[in-house]
2 protein chains.
Amino acid sequence: MTNDREVDLAALNAHWRAANYLAVGQIYLMANPLLTEPLRPEHIKPRLLGHWGTSPGLNLVHTHLNRVIRDRDLNAMCVWGPGHGGPAVLANSWLDGSYSQVYPDVSRDAAGMGRLFRQFSFPGGVPSHVAPETPGSIHEGGELGYSLAHAYGAAFDNPGLLVACVIGDGEAETGPLAASWHSNKFLDPARDGAVLPILHLNGYKIANPTVLSRIPQAELDSLLTGYGYAPIHVTGSDPDAVHLSMARAMDDALERIARAREQGSGRPAWPMIVLRTPKGWTGPVEVDGVPVEGTWRSHQVPLTTVRENPEHLRQLESWLRSYRPQELFDTDGRPTEQVLACVPDGELCLGANPHANGGLLTRDLPIPPLEHFAVPADKPGATLHEPTRVLGGLLARIAADTAESRNFRVVGPDETASNRLEAIYDVTGKAWQAEILESDEHLARDGRVMEILSEHLCQGWLEGYNLTGRHGLFSCYEAFVHIVDSMVNQHIKWLKTSRRLPWRAPIPSLNYLLTSHVWRQDHNGFSHQDPGFVDHVLNKSPEVVRVYLPPDANTLLSVADHVLRSRDYVNVIVAGKQPCFDWLSLDEARAHCARGAGIWEWAGTEDGTREPDVVLACAGDVPTQEVLAAASLLRRHLPDLAVRVVNVVDMTKLLPREEHPHGMADLEYDALFTPDRPVIFAYHGYPWLIHRLAYRRTGHANLHVRGYKESGTTTTPFDMVVLNDLDRFRLVMDVIDRVPGLATRAAGVRQTMTDHRTRHHAWIREHGTDLPEVADWSWSE
Amino acid sequence: MTNDREVDLAALNAHWRAANYLAVGQIYLMANPLLTEPLRPEHIKPRLLGHWGTSPGLNLVHTHLNRVIRDRDLNAMCVWGPGHGGPAVLANSWLDGSYSQVYPDVSRDAAGMGRLFRQFSFPGGVPSHVAPETPGSIHEGGELGYSLAHAYGAAFDNPGLLVACVIGDGEAETGPLAASWHSNKFLDPARDGAVLPILHLNGYKIANPTVLSRIPQAELDSLLTGYGYAPIHVTGSDPDAVHLSMARAMDDALERIARAREQGSGRPAWPMIVLRTPKGWTGPVEVDGVPVEGTWRSHQVPLTTVRENPEHLRQLESWLRSYRPQELFDTDGRPTEQVLACVPDGELCLGANPHANGGLLTRDLPIPPLEHFAVPADKPGATLHEPTRVLGGLLARIAADTAESRNFRVVGPDETASNRLEAIYDVTGKAWQAEILESDEHLARDGRVMEILSEHLCQGWLEGYNLTGRHGLFSCYEAFVHIVDSMVNQHIKWLKTSRRLPWRAPIPSLNYLLTSHVWRQDHNGFSHQDPGFVDHVLNKSPEVVRVYLPPDANTLLSVADHVLRSRDYVNVIVAGKQPCFDWLSLDEARAHCARGAGIWEWAGTEDGTREPDVVLACAGDVPTQEVLAAASLLRRHLPDLAVRVVNVVDMTKLLPREEHPHGMADLEYDALFTPDRPVIFAYHGYPWLIHRLAYRRTGHANLHVRGYKESGTTTTPFDMVVLNDLDRFRLVMDVIDRVPGLATRAAGVRQTMTDHRTRHHAWIREHGTDLPEVADWSWSE
């Protein structure tokens with residue numbers, strides 16, 4: 001390897017020492033930031049919180065990224081996997097000036113340094129981790145595993161961008177990270193940015209060595225080569241030697257990346273850096289007689305009783321002074337020229353790159369008029385369409401119209417076609433940089449559909465893509481979206497916080513299409529049946545979460561149109577892929593979605609002169625069909641009964657107005673559901689969710705909910721609803737049981753319903769299919 | 001490689017053909033199983049459901065496992081990762097006789113074959129996947145990613161057992177599977193069984209090629225070598241050649257395993273097999289003019305309209321007859337001698353090995369008297385202990401007392417010490433087969449604590465360990481247990497089903513200890529704050545799930561004692577690791593846990609003559625402390641108020657009796673909570689969970705719940721409860737606001753509480769610590 005670039009080791013080391021000093025200062029000091037006087041207990045924070053162990057390594061990486069960005073005018077951002085090393089990233093963003101730009105009161109001088117120190121992990125201050133509050137970050141890092149997927153998501157469709165990604169050796173043990181290395185099979189050197197993974201082997205987690213630091217280097221190299229990378233090693237504990245080696249490694253990596261890009265599409269062996277430095281490097285070597293630097297003991301706060309223990313106080317002071325702060329900061333606390341020599345200018349700073357505040361770069365999606373895709377529905381329930389297939393048409397058009405802007409992707413775990421969205425393949429392929437055979441279909445080096453059998457990667461990629469300002473949709477089997485429960489938690493937390501930061505521009509929402517849902521798992525059965533993601537998401541911040549259950553194709557279009565235009569939300573859409581009756585025309589669907597919940601007058605038997613006798617409510621495609629079939633049975637068998645049918649598209653409408661911005665006022669709720677009539681609610685998921693949403697409503701005591709109650713297996717669609725007591729016959733029985741006075745009058749009708757269910761059980765065991773009157777049912781007024 | 005073992009290719013091929021025939025028969029036929037007459041549409045099932053693509057590969061593996069088991073009297077089981085290939089595993093278990101043993105009506109003859117075919121994926125029959133109903137299985141495989149972790153879990157502490165594990169190339173893309181390869185750093189060749197991974201590269205998922213099948217073989221070998229394995233390749237599509245190659249590969253692998261075991265502890269390069277055969281091998285080559293065999297199109301049902309399309313019917317018949325069934329089964333439908341030549345006897349059959357019905361092998365844990373570990377608590381709230389540290393003593397003793405039986409393990413993602421359970425290290429180490437340095441602590445080749453920074457692996461290992469009949473505990477940070485939401489779903493589904501199968505013996509429960517919980521994340525903040533796992537689990541089958549929130553050390557001991565003795569449950573315990581007041585003596589704790597919820601008379605101010613004015617209820621350690629502090633404030637400021645304090649340990653007590661076996665009868669509930677008095681409920685997690693559990697109760701309208709509402713950050717413990725309105729002052733205000741007539745009378749007290757909160761806000765911003773009167777508070781009557 002040759003490297004002609006000059007390396008000013010002294011300057012790099014000064015920057016690194018400054019960053020280390022600032023990291024230690026944040027953890028410990030609430031006064032005397034420049035050590036202008038001897039350290040006294042009252043300068044020390046009363047609660048010492050933060051993570052030192054990873055910080056010197058992160059600082060090293062930051063220093064060297066600064067160097068290459070400045071030297072090469074590089075457009076770069078960095079994902080800091082060990083996000084608990086907040087002190088390091090904050091220190092660097094204060095050093096490069098981006099922190100003070102966003103938070104002017106934390107100025108780049110002594111006063112600002114004092115505030116920087118005091119606020120860290122202090123009540124009312126800033127979190128101890130890299131967080132939305134941290135300039136230049138798109139990744140919290142508190143929950144480990146997602147850094148590399150985020151980095152790739154940021155790089156897709158960002159040619160010219162370098163996304164560095166520090167991966168801790170702890171994080172490298174997680175499943176999502178272990179799979180993320182393979183993201184290079186989906187990255188197009190010609191049209192995407194580059195990702196530079198930096199695997200930081202500091203050897204220890206909280207209390208244990210790490211797997212990758214304790215296998216022979218040849219085995220590690222074999223692993224990384226097998227993942228498709230060419231590892232470059234930087235190892236040591238002597239700062240000057242490591243600086244030189246790291247500078248050369250960075251130059252080497254960037255030259256290899258440049259060559260890969262020149263070669264265009266295909267799959268080069270992408271460079272990566274393996275950085276082996278001691279955990280807690282430059283910190284106390286030994287504390288209270290046991291080794292600390294280079295061991296797991298330096299993970300958090302190496303000296304824990306500084307206020308109380310004069311020896312710890314002395315050790316801290318000598319540790320801080322070991323960085324020679326007087327050489328790094330002038331008497332006003334400003335970093336010296338030498339410290340700032342490697343720092344890039346303006347937007348090139350890692351703390352200021354607009355890609356890491358992606359809303360700044362967001363362009364609206366070109367969403368065509370829905371009329372081109374809507375299905376005709378002049379009469380409710382007269383025709384059938386597969387809602388997701390109809391949506392596929394819209395997505396295909398958007399994909400076509402973003403062929404130049406390349407700011408829209410669809411991700412899914414090998415299910416895009418299974419979920420009937422394959423119209424998109426007419427306009428773009430599936431991204432694939434591995435081998436392509438002649439028999440393959442729709443694989444393309446420049447494809448913008450991304451399929452890998454990993455919900456974690458789909459989610460991580462799309463989050464990274466959203467966070468850097470681009471749009472997308474994640475289509476997923478409903479049951480298996482639980483795989484990313486914890487990831488969506490973190491993304492919602494990120495959005496909740498970033499929405500409150502005026503300098504963070506809103507980013508495109510994270511949009512889920514959950515299909516192949518609980519009611520239609522004919523092929524797969526019980527393991528594929530779980531509608532609980534909605535429950536999970538609705539536990540989270542109401543300002544961020546939105547849940548839609550469109551009952552047919554046109555309402556799905558209208559919902560999709562809405563969510564693709566929205567910002568800073570997590571939108572969950574649950575919609576079937578199987579043929580489903582068209583209930584609403586496009587205009588009706590739009591009006592219905594705008595309200596979020598409404599009366600379907602055509603389906604009920606109210607005469608307008610009085611309150612209905614009963615409300616049949618529904619949310620979800622299958623429950624809507626069963627409710628309409630029940631309404632139809634009631635119309636035939638009990639024509640005098642005044643039945644109201646209410647459909648709910650937007651689940652958060654059921655919440656009180658104080659609990660969610662979409663929540664209905666009580667008067668509105670009562671106008672729909674009545675304050676005192678029995679409401680039989682057929683819901684797509686776990687029935688108690690409806691109670692959890694509506695428990696404060698006046699009529700709650702009259703609310704009776706049917707839904708999925710974990711009775712599942714491989715069976716017919718109608719048998720599934722019967723097993724869970726959600727079928728039309730059961731709903732009619734519920735009406736008879738709950739409307740006062742009906743039990744006796746309608747005893748015969750009730751028996752007829754029971755007979756239907758009995759007949760169903762017998763029929764299905766013999767024929768393995770649904771009753772003809774059910775299979776052939778369609779709505780007629 | 002030399003191989004002297006004789007390979008009867010004809011017999012192996014006959015067995016494989018028979019299994020393939022039976023797999024196709026299950027997918028298609030409801031009559032004419034032996035093709036004794038020409039195939040007619042009415043022989044075909046009306047709904048064709050199942051997965052053919054993976055089945056011939058699974059059948060090949062099964063045939064060859066049979067051979068080596070029989071030849072070597074091998075004690076072996078197999079985890080079938082591509083569990084959707086149910087037809088294959090069912091076919092084999094019918095062939096080896098284990099199916100008929102468990103289900104005598106599905107006999108190994110023509111009549112039984114007819115039933116085997118008809119029941120498959122037929123309403124009221126058996127699921128299309130490998131399932132609890134499948135003899136010899138511990139793994140469903142519907143949700144991909146966990147096969148290899150299950151296999152390792154089964155192998156730990158089972159010396160002499162071989163656990164084969166088929167991993168599909170689709171599954172290999174998932175995160176959990178990608179991390180699972182590293183499980184070999186935790187497997188002791190001397191004391192554990194062996195795992196033989198068989199990576200089946202049939203090239204395609206549902207609709208896409210797979211990553212590992214499309215990278216160069218050298219790259220794949222490098223990857224697998226880097227994971228610590230020595231791959232043995234079997235590639236081809238000519239049956240005889242593949243049989244020979246597979247037989248040799250199996251022999252080679254088993255000989256290498258034998259050598260590794262002889263060498264004792266350490267880490268050999270474990271053998272594994274890479275099997276490359278066509279997807280849908282031996283199925284239709286082409287259907288309707290497009291290639292099917294060897295492509296993704298053979299994933300499910302290659303011929304889809306057999307009843308309607310005579311050409312498809314013809315193709316199916318010729319496909320079935322291509323196996324020459326008349327050579328494989330006699331006229332009574334019994335498999336011929338040649339077919340059965342490779343089948344092992346009795347318990348050695350894969351379908352009958354007792355390890356795969358682990359309850360058969362379960363031995364009770366030796367649980368010592370809790371008196372040895374309990375903390376003295378003569379007076380409530382007079383002393384403080386860290387509950388998890390106290391539990392650590394109990395776990396250490398159990399670990400010591402199972403040193404010989406080796407049937408107890410503790411798993412955790414690098415948090416066992418952080419969660420203060422480290423007493424266990426006095427008696428056993430942390431399993432570790434990678435490099436050990438002199439400075440390391442507690443690492444041991446034979447350790448029975450398992451730590452890796454992957455919740456997925458912790459969960460997968462423990463599930464495998466439980467399913468093979470052994471005991472364990474998973475200690476996890478509360479927020480990050482969501483990472484395994486979807487895994488626990490599948491385990492609960494497994495238990496729900498297996499509990500109903502008389503031949504499946506009950507297995508040890510899956511036990512979680514969730515600690516480092518939402519209220520005490522001083523170091524980490526918002527990303528580490530999420531109490532929603534309880535909500536998630538409570539959506540699942542009530543016969544399986546149990547949730548406990550012990551409020552102090554002795555109740556934690558009592559709960560732990562209970563869950564470690566239990567079978568077939570998923571037990572979730574949420575308990576703090578921080579110092580916590582001791583409220584109950586051991587005897588009181590036992591009595592309280594037996595009831596699940598009860599009145600703490602000593603804490604209230606009832607005089608026994610009338611209903612209380614208000615009920616202060618609590619669940620969880622921090623809410624219990626705040627409620628007791630509130631009770632103490634009320635006692636001081638409003639001494640005439642009759643306050644009742646109720647603590648809930650077992651959350652499912654709140655459910656109606658019809659909804660959960662632990663649910664309280666309404667009378668019981670009313671006796672605790674009153675039918676009509678205000679109840680202020682301080683709950684550990686999301687407040688609406690309490691409403692979702694109690695919405696049917698008489699007094700529900702008077703229930704007011706405080707809990708975590710997503711207001712989190714890095715701050716002090718008391719500030720966290722203030723941010724979420726769960727603090728003692730807020731609770732007192734809630735009482736004043738809700739007890740009729742109190743608002744005016746207690747306006748001054750209310751103002752005092754507001755003042756306390758104001759003082760808190762000012763104090764914490766200045767000092768960064770909690771108010772002295774809060775930090776120093778303790779209970780006094």
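This guided tour proceeds from the pair of chains to single elements and ends at one residue. The model is predicted.

**Stop 1: the two chains**

Display chains A and B together. A turn of 180° with a shift of 0.0 Å along the axis lays chain B on chain A, with an RMSD of 0.0 Å. The two copies are thus related as by a two-fold rotation axis. To find where this axis passes, select B:G175, which comes closest to it of the residues of chain B, with its C-alpha at 1.9 Å.

**Stop 2: the contact between the chains**

Next, turn to the region where the chains meet. Chain A and chain B each give 98 residues to the contact. On the side of chain B that touches chain A, the elements giving two or more residues are helix 7 (175-180), helix 8 (217-226), helix 15 (485-498), helix 16 (533-538), helix 21 (688-694) and helix 25 (747-767) of chain B. Colour helix 8 of chain B separately: with seven residues, it provides the largest share of that side. The copies meet through the same surface, because 100% of the interface residues of chain B are also interface residues in chain A.

**Stop 3: a sheet in chain A**

Hide chain B and show the strands of chain A. Five strands form an open sheet in the order 1-2-3-5-4, with parallel pairing. Its edge strands are strand 1 (76-80) and strand 4 (229-235) of chain A, each of which pairs on one side only. On average, neighbouring strands of this sheet are turned by 20° against each other, direction ignored.

Now select residues 162-168 and 194-201 of chain A, which are strand 2 and strand 3; these pair in the parallel sense over seven bridges. One bridge to examine joins A:G168 to A:H200 in strand 3 of chain A.

Two helices may then be added to the view. Helix 6 (residues 147-155) of chain A lies across strands 1, 2 and 3 of chain A, and runs at about 175° to strand 2 of chain A. Helix 9 (residues 239-263) of chain A lies across strand 3, strand 4 and strand 5 (270-276) of chain A, at about 165° to strand 4 of chain A.

**Stop 4: helix 10 of chain A**

Select residues 310-321 of chain A. This helix 10 has twelve residues and reaches 16 Å from its first C-alpha to its last, close to the 16 Å expected at 1.5 Å a residue. Which of its residues are buried? They are A:L313, A:Q315, A:L316, A:W319 and A:L320. Seen down the axis of helix 10 of chain A, the buried residues fall within an arc of 160°, so they line one face of the helix. On the other side, A:P310, A:E311 and A:S318 are exposed. The cover over the buried residues includes helix 1 (9-28), strand 6 (286-287) and helix 11 (325-328) of chain A.

**Stop 5: strand 14 of chain A**

Move to residues 510-515 of chain A, strand 14, where six of six residues are buried. A:L510, A:Y512 and A:L514 point one way, while A:N511, A:L513 and A:T515 point the other way. Strand 13 (residues 471-477) of chain A pairs with strand 14 of chain A in the parallel sense over four bridges. In this pairing, A:S475 stands opposite A:L513.

**Stop 6: B:P231**

Finally, show chain B again and select B:P231, in strand 4 (residues 229-235) of chain B. Is B:P231 buried or exposed? It counts as buried because it has 20 C-beta neighbours inside 10 Å. Leaving aside neighbours within four places in sequence, B:P231 is in contact with B:D221, B:L224, B:M272 and B:V274. Select B:L199 as well: 32 residues separate it from B:P231 along the chain, and their C-alpha atoms are 9.4 Å apart.

Notes:
Residues numbered from 1 in each chain as written. Chains lettered and ligands numbered in written order. Predicted model: local features only at pLDDT ≥ 70, side-chain atom pairs only at ≥ 80, totals over all residues. Least-squares fit on C-alpha atoms with pLDDT ≥ 70 in both. Contact = placed C-beta atoms within 7 Å. Pairing = 2+ DSSP bridges. Axes fitted to C-alpha atoms, helices over the stretch in contact; angles between N-to-C directions. Expected span 1.5 Å × (residues − 1). Buried ≥ 20, exposed ≤ 12 C-beta atoms within 10 Å, placed from the backbone. Arc of directions from axis to C-beta.
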